Amino acid sequence: MTTQQPLVLVVGATGSTGRSIVRGLLDSGNFRVAALIRPSSASKPATEDLTASGVEIRFGDLTDGVSKLKDALAGVDILISAARAIGNQKDIIRAAKEVGVKRIVPCDFATPGRKGVRDAHDEKLAIRKYVKAPGVPHTFIDVGWWMQFSLPLPARSKVDAARKAWTHELHGDGTQKRLVTVLRNIGAYVARIVADPRTLNRAVMVWEDELTELEMHEIGERVSGDGGELRAKRIYLSADDILKKAEEGKAELARDPSNILARYTVDWNQYMYSMHIVGENTLENAKRLGYVDARELYPDMPKHTLEEFAREFYAREEPGIDYIG
């Protein structure tokens, strides 16, 4: 008798992280995959792409309420959220518990750390607490910082000037290490993690390389072929400078809550403070916080250095496509 593969429902399947997760699950060959998609997105190319790849589309929204979300979760074994609306996950978590989902992976997929440093991370920690309170089976997955966001953009990039300047910044003395991962590889790790009983009710740290910000800039300057130009564009920021930029972004948001660049400014600078001043995005800190090291769990997984990725990055027509997309 053939045993049916576990069914995974992915929320946020059309976003950058969600697409990587869906691809990793499908490529593993170990899961049936469904995606929760808003009805208004039914005819969008991203939804059509999911259907073409064999993903089951289930229409719904995180704001539908517990009763409707229970219908969307029918038959689901594993729920993975890559939703941008972090605070809106509570109803689907409650619905998943009520229908007996065997494992919930809420939206983390970033850098580890403590409460009180980053607003976005505080939201994620609140969701983790919500997940654990009723004893819901879970796994928390962080992935460090994307390699795509770890290299200085060259002058030819069409990314807007403000965000391009962010990539030229060095924070503090530039010697604090940080964990980095290639975006497209996140899904392959997720597929291994959610199939592994050792990761149930644990936090897992996915990472591929660990370098200082100075080392990252030096790699970018060397591999890009624009070393002198990129070196001249370096912007050195102190801890006070970083906090000031975050507060300026908050002030802009207070004036106009729809200002996306202001939201990015707050998040970016709070993450930079966390990584380069507090030193939270390191393997040592992740282990101190109780994370399991994915590279120790899966030593057979391919690993990519930032140097290797840089050659691909600077060969692109638009190296900053992930800032634009």
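**Close-up 1. A nonpolar patch on the surface of the predicted model, with Tyr-264 as one of its members.** Welcome to the outside of the protein. Ile-260, Leu-261 and Tyr-264 together make a nonpolar surface patch of about 270 Å². Ile-260 belongs to helix α11, which covers residues 260-278. Keep Tyr-264 in mind for the next view, where this residue turns up again among those closest to the centre of the largest pocket.

**Close-up 2. The largest pocket, with a volume of about 1700 Å³.** This pocket is lined by 49 residues, and those closest to its centre are Ala-82, Ala-83, Arg-84, Ala-85 and Tyr-264. Which helix gives the most to the lining of the largest pocket? That is α11, with six residues. Other elements that each supply at least two lining residues include the helices α1 (16-28), α2 (45-52), α5 (119-132), α6 (161-166) and α15 (321-324). Strands take part as well: β2 (32-37) and β7 (145-146) each supply at least two residues. Sorted by class, the lining holds 24 nonpolar, 13 polar and twelve charged residues.

**Close-up 3. The second largest pocket, with a volume of about 230 Å³.** Here 15 residues form the lining, and Arg-128, Lys-132, Phe-140, Ala-203 and Leu-289 are the closest to the centre. Helix α5 provides the largest share of this lining, five residues. Both α5 and strand β10 supply at least two residues each. How many residues of each class are in the lining of the second largest pocket? There are five nonpolar, five polar and five charged residues.

**Close-up 4. An open sheet of three parallel strands, in the order β6-β10-β13.** At the edges are β6 (139-142) and β13 (292-293), each pairing on one side only. Strand β10, residues 202-205, pairs with β13 in the parallel sense over two bridges. For a specific contact to look for, take Val-204, whose bridge partner in β13 is Val-292. Strand β10 also links this view to the previous one, as a supplier of at least two residues to the lining of the second largest pocket.

**Close-up 5. A second open sheet of three strands, β7-β9-β11, with mixed pairing.** In this sheet the edge strands are β7 and β11 (209-212), and each pairs on one side only. Strand β9 (residues 177-181) runs antiparallel to β11, and four bridges join the two. One bridge to pick out has Val-180 on one side and Asp-209, in β11, as its partner. Edge strand β7 is a familiar name too: it supplies at least two residues to the lining of the largest pocket.

**Close-up 6. The largest cavity, with a volume of about 70 Å³.** How many cavities of 30 Å³ or more does a search of the whole structure find? The search finds one. Among the residues that line the largest cavity are the tryptophans Trp-145, Trp-166 and Trp-268, and the histidines His-171 and His-217. Phe-149, Ser-150, Leu-151 and Thr-167 also line the cavity, as do Glu-169, Arg-178 and Glu-213. Strand β8 (169-171) and helix α8 (213-224) each supply at least two residues of this lining. By class, the lining has five nonpolar, four polar and three charged residues.

Methods
Residues are numbered from 1 along each chain as its sequence is written. This is a predicted model: local features need pLDDT of at least 70, side-chain atom pairs count only at pLDDT 80 or more; totals for chains, interfaces and linings use all residues. Side-chain values use heavy atoms; hydrogens and water are left out. Patches are made of residues with over 30% relative accessible area and no salt bridge: like charges are joined within 9 Å, nonpolar side chains (Val, Leu, Ile, Met, Phe, Trp, Tyr) within 5 Å. Accessible areas come from the Shrake-Rupley method with a 1.4 Å probe; for residues, only the protein chains shown count as cover. A salt bridge is a side-chain nitrogen of Lys or Arg within 4 Å of a carboxyl oxygen of Asp or Glu. Two strands pair if DSSP finds at least two bridges between them. On a 1 Å grid over the protein atoms alone, a cavity is a set of points where a 1.4 Å probe fits but cannot get out, and a pocket is an open set with protein on both sides within 12 Å along at least five of seven lines; lining residues have an atom within 4 Å of a point. Grid points are joined across faces, edges and corners, and a volume is the space filled by probe spheres set on the points. Ala, Val, Leu, Ile, Met, Phe, Trp, Tyr, Cys and Pro count as nonpolar, Asp, Glu, Lys and Arg as charged, and the others, Gly among them, as polar.
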